[in-house]
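Reader: I have a model open and want to learn how to read it. Can we go feature by feature?

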Amino acid sequence: MSHPATTSTDLTERVVLVTGAARGQGRAHCEAFAASGCDVIALDLCRDIDTVPYPMAEPADLEATAEAVRALGRRCVTGIVDVRDLPGMQEAVDAGVAELGGLDFVVANAGVSPQPSATWERSEEEWDSTMDINLKGTWITTKVAIPHILATGRGGSVVLISSMVGLRGGSFTGSYATSKWAVRGLAKALAGELGFSNVRCNSIHPGNVRTPMIDNPSMIEMMSSGKGTTLEDTAETYSSMTQMPQPWVEPSAIASMALYLCSDMGAGITGASIPVDLGGSEKFGL
């Protein structure tokens, strides 16, 4: 017996939780899900971190995300919270679920990339901070969110944002690469644990995405060998890392994959590690 293809990304009256939501990929996720009918719980730290060499989002950025969601006709609950703070995350997610009436999807997007350096030259402070934000923060996000998804009894989807260096190597990114490999492992563990409930879990592995994580003076200096002042000055270097003519991925491309995985279009996918990297992870393997 044949069945028609499922092509709907309609998520009307569903609710998504997005971390790192104030700008960049996080804002793109919020906008994509809102455009498909989802209400949004948008969380972000909204302050700088000593071990991160670029400015983090500010409260005004998070409010701009909320305004973008509301402009699309959906509700948005915001929270300024550190993903490393289990009680704080529990409180923020519980409050969002109480206001919006449930939770169906999670996009665990919050993450940082520290200064590139040799692994043996990294400080303990930087190592711990990167691992705690990228890995422990992702686990905390799932810990506080998954019980709410299970409570609906209607299935759902968890998307963990890893990196293309979580599929291949990443020289001079020891703490970042280690954390992102671990995020991939967490996604696979959760896929097995959640299958009984029709909740799926996958990891997305972005390449270089045009956000402040690469569009900052530290990365521009490194990727242009000290000769550039804008991200455009690094385009040749970034293009050498991809199999396509574009030097970097736009945040909307990552959001589109997250939306696909949470919609009926991704109904058969769980435990997958999906690169959205212009072929970069495969090129690394040549």
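Reader: Where is Phe172 found?

Author: Start by placing a residue between its neighbouring elements. This is a predicted model. In it, Phe172 sits in the loop that links strand 5 (156-161) and helix 5 (174-194).

Reader: Is Phe172 buried or exposed?

Author: Check relative accessibility against the cut-off: exposed means over 50%. Phe172 comes out at 52%, so it counts as exposed.

Reader: What is the phi of Phe172?

Author: Look at the sign, then at the residue type. Phe172 has a positive phi of about 65 degrees, and it is not a glycine.

Reader: Which loop holds Ser225?

Author: Ser225 lies between helix 6 (217-223) and helix 7 (235-239). Read its backbone the way you read Phe172. Phi of Ser225 is positive, near 55 degrees, and this residue is not glycine either. Ser225 has 61% relative accessibility, so it counts as exposed.

Reader: Now the sheet. In what order do the strands lie?

Author: Read across the sheet, not along the chain. The order is 3-2-1-4-5-6-7, in an open sheet of 7 strands with parallel pairing. Next, find the edges. They are strand 3 (76-80) and strand 7 (273-276), each of which pairs on one side only. From one strand to the next, the twist averages 15 degrees.

Reader: How many bridges join strand 6 to strand 7?

Author: There are 4 bridges between strand 6 (residues 199-206) and strand 7, and the two run parallel. For a landmark, take Ser203, which stands opposite Ser273 in strand 7.

Reader: Which strands does helix 1 touch?

Author: For a helix on a sheet, list the contacts, then take the angle. Helix 1 (residues 24-35) packs on the sheet and touches strand 1, strand 2 (39-44), strand 4 (105-108), strand 5 and strand 6. Its direction makes about 170 degrees with that of strand 1. Helix 5 lies across strand 5, strand 6 and strand 7. Helix 5 runs at about 165 degrees to strand 6.

Reader: Back to single residues. Is Thr19 buried or exposed?

Author: Apply the other cut-off: buried means under 20%. Thr19 has a relative accessible area of 1%, so it is buried. Thr19 belongs to strand 1 (residues 15-19).

Reader: Which backbone nitrogen lies 2.9 Å from a polar atom of the Thr19 side chain?

Author: That of Asn109. The Thr19 side chain also reaches the backbone nitrogen of Ala110, at 3.0 Å. Then widen the view to contacts further along the sequence. Thr19 touches several residues, among them Leu43, Val83, Met89 and Thr141.

Note on methods: Residues numbered from 1 in each chain as written. Predicted model: local features only at pLDDT ≥ 70, side-chain atom pairs only at ≥ 80, totals over all residues. Heavy atoms only, no water. Buried < 20%, exposed > 50% of the residue type's maximum accessible area, 1.4 Å probe, protein only. Polar contact = N/O pair within 3.5 Å; in protein donor to acceptor, adjacent residues only side chain to side chain. Contact = heavy atoms within 4.5 Å. Pairing = 2+ DSSP bridges. Axes fitted to C-alpha atoms, helices over the stretch in contact; angles between N-to-C directions. Lists of a residue's contacts leave out its neighbours within four places in sequence.
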